[in-house]
Amino acid sequence: MENHERLGMVVAGSLAEGLTVRLDGPVSVEDIAVGRYVVIEGERLRFFGMITDVRLGMLNEQFRQVPPPITDPLIAQMVRGTGTFGLVEVAPMLTLPLGEVAALEGPQPVKTIPAHFAAVQPARPADVAAVFGEEDQAHFHIGTPVDMADVPVCLNLPRFVERSSGIFGKSGTGKTFLTRLLLVGIAQRDAAVSLLFHMHNEYGWEGS
């Protein structure tokens, strides 16, 4: 799916619980991945958010008891996108700069939400770069967003090492790999000295 294609529109939500987006008819829920970055075009603001859930919706609850005969191609085409549709939950995270003055300030913490029926699109490479920065002496490339294999996500190392940090997650999600990447970046850019606590001793030769 190209980055300029529209995914859907905002139909409900709140700042605390996130936004509900109804997918446009041609967009399949199977093309939507949790963790994907999106941009919501509000009336005066652009919102940068992440997809946190994907659901199925239907206009008529009777479809649960008596599903339509979608083996008929004509009926299937009529039902999908109108009687049945996909819904995604989006967590708004930042507002993106608009205009020259806002661009100097950079992305800002989100404090409001867009209005009903605001258009939702996949984030473009320029949107990701506006949030995470572009790779340079200060920004270290640590990965790519979901469904955007050629777009780097960078970490501002000088800001990162200002405070103590922790990496948390379920088993098998890549915590060890990410930690090694960060240690390499910090050492390579000479950003700081690292003191690491890890109960399984995966980062050294000996310990007790």
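Q: In this predicted model, what makes S2 and strand S5 (residues 84-96) a pair of strands?
A: Two strands pair if DSSP finds at least two bridges between them, and four bridges join S2 to S5, with the two running antiparallel; the criterion is therefore met. Within this pairing, Leu19 stands opposite Val90 in S5.

Q: How do you know that strand S1 (residues 8-14) and S2 pair as well?
A: The requirement is at least two bridges, and S1 and S2 have six bridges in the antiparallel sense, so they count as paired. Val10 stands opposite Val21 in S2, and the connection from S1 to S2 is a hairpin of three residues.

Q: Why is strand S2 (residues 18-23) called mostly covered?
A: A residue is buried when its relative accessible area is under 20%, and five of the six residues of S2 are buried, which means that the description as mostly covered rests on those five residues.

Q: What makes Leu56, Val79, Arg80, Thr84 and Phe85 lining residues of the second largest pocket?
A: A lining residue has an atom within 4 Å of a point of the pocket; these five belong to the 20 residues that line the second largest pocket, and they lie nearest its centre. Strand S4 (46-58) and S5 are the elements that give two or more residues to this lining, and the space in the pocket is about 490 Å³.

Q: Which classes of residue make up the lining of the second largest pocket?
A: The lining has eleven nonpolar, six polar and three charged residues; Arg counts as charged, so Arg80, which is one of the lining residues, belongs to the charged class.

How values were computed:
Residues are numbered from 1 along each chain as its sequence is written. This is a predicted model: local features need pLDDT of at least 70, side-chain atom pairs count only at pLDDT 80 or more; totals for chains, interfaces and linings use all residues. Side-chain values use heavy atoms; hydrogens and water are left out. Buried means under 20% relative accessible area, exposed over 50%, partly exposed in between (1.4 Å probe, protein chains only). On a 1 Å grid over the protein atoms alone, a cavity is a set of points where a 1.4 Å probe fits but cannot get out, and a pocket is an open set with protein on both sides within 12 Å along at least five of seven lines; lining residues have an atom within 4 Å of a point. Grid points are joined across faces, edges and corners, and a volume is the space filled by probe spheres set on the points.
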